[in-house]
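Visitor: Could you walk me through this one? I'd like to start with the surface.

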Amino acid sequence: MKKYIIYSEKNNKERCGLMKKLLSIGIIVGFIGAILTKLGNPVNMGFCIACFLRDIAGGLNMHQAGIVQYLRPEVAGLVLGAFIIALVKNEFKVEGGSAPLLRFFIAIFMMVGAMVFLGCPLRMVLRIAGGDLNAIVGLFGFIFGIYLGLKALKGGFTLGKATKQENKTSGYIMPAFFVMLLIFVVVKPEFINFSSEGPGSFTAPILVALGTGLIVGILAQRSRLCMAGGIRDVLMIKDFHMVSGFIGILVAALITNIAIGKFNLGFAEQNVAHTEHIWNFLGLALVGFCAILLGGCPLRQLILAGQGNLDAATTVLGLIVGGAVVHNFGTAASPAGVPTNGKIGVVICFIILAVIVFTHSKKIIVRRDKDVSIGR
């Protein structure tokens with residue numbers, strides 16, 4: 001009993017220390033997310049993984065929505081920050097092979113949901129911190145989606161196990177890809193698009209954007225920060241340490257937004273947002289569902305891709321393609337509301353996900369002995 005008590009106290013002390021670490025990192029990320037809007041990024045969009053990957057798709061000519069085209073240096077910073085710190089800490093591990101094609105399409109579905117809500121889970125927090133009450137509706141949807149994902153996991157859903165790759169070359173492709181995008185941002189070749197108006201034209205200085213991305217990438221890699229993972233742990237095992245990063249981002253961004261005059265409380269007249277509550281809810285529910293099936297939110301996928309995870313890299317590519325799909329197929333929402341194609345798209349994605357979960361769930365066989373009575 002004595003040994004147990006000593007272990008329990010030690011465990012609690014370590015857990016408390018981890019919570020403080022995540023809270024501190026969340027505060028830094030929240031401050032950076034808010035201050036980037038002061039330095040040029042769109043309001044309530046200092047960081048938005050889904051929006052930024054959609055902008056990258058536009059910059060690469062994958063869609064022709066002229067107001068959202070820019071090779072965001074923040075995203076390159078996130079991947080490269082994770083890549084560098086993973087090398088330094090000897091955590092760069094090249095592994096993959098866990099249902100890559102399925103991950104690619106689930107990532108597209110995640111982007112469909114994100115663009116109906118108009119933001120990823122990280123932007124959801126930054127929108128709440130900016131006073132956008134529509135994002136609170138989205139938060140409830142996100143939690144519901146994570147709940148659905150957990151039900152799938154408990155039902156035996158799995159995408160299979162990733163395996164270690166003997167040749168590490170593949171692990172360097174994603175960091176190299178984002179270095180190439182950085183070069184394009186600086187050189188500005190003719191085949192790369194740059195928005196002259198709209199959200200894509202609101203940009204922080206390149207070095208600032210890259211630097212902040214590197215900082216957040218390093219911190220996120222060291223802390224395993226994941227917006228979906230925090231809520232998952234609360235729902236599944238009543239563990240609140242991961243969600244403390246979520247709280248840190250919210251508090252820091254809220255205080256910073258108030259200080260710099262970017263706080264606007266209400267549902268109406270929010271920047272790059274709409275007031276269709278059902279679709280704000282369902283959009284982020286779809287994102288939360290996909291995040292649990294994929295093993296992480298869009299931010300976490302970028303970080304994992306930076307540290308050599310090929311499955312996460314495939315997911316990131318799916319998100320970029322998804323950014324093109326939502327505009328080419330007219331499913332992306334706008335401040336005017338959610339188009340019919342967007343509503344149909346969300347419903348179809350949920351139906352396909354249900355089929356995927358059903359077909360990729362291991363059957364749990366319970367053998368019953370004739371002489372054993374179950375229940376009363």
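Guide: Accessible areas here come from the Shrake-Rupley method with a 1.4 Å probe, and for residues only the protein chains shown count as cover. This is a predicted model, where local features need pLDDT of at least 70, side-chain atom pairs count only at pLDDT 80 or more, and totals for chains, interfaces and linings use all residues. Residues are numbered from 1 along each chain as its sequence is written, and side-chain values use heavy atoms, with hydrogens and water left out.

Visitor: OK, how much area does the protein expose?

Guide: About 17,200 Å², with carbon and sulfur atoms supplying 65% of it.

Visitor: And what share of the residues is buried?

Guide: 54% of the 376 residues count as buried, meaning under 20% relative accessible area; exposed is over 50%, and partly exposed is in between (1.4 Å probe, protein chains only).

Visitor: Switching topic: which residues of helix 9 are buried?

Guide: M227, A228, G229, G230, I231, D233 and V234, in a helix that spans residues 227–237. Helices (H or I, at least four residues) and strands (E, at least two) are DSSP runs, numbered from the N terminus.

Visitor: What covers those buried residues?

Guide: The cover includes helix 5 (121–129), helix 6 (134–154), helix 10 and helix 11, where contact means heavy atoms within 4.5 Å.

Visitor: What follows helix 9?

Guide: K238, and its phi is positive, near 55 degrees.

Visitor: Back to the outside. Where is L265, and is it buried or exposed?

Guide: L265 is in the loop between helix 10 and helix 11 (277–294). L265 is exposed, at 59% relative accessible area.
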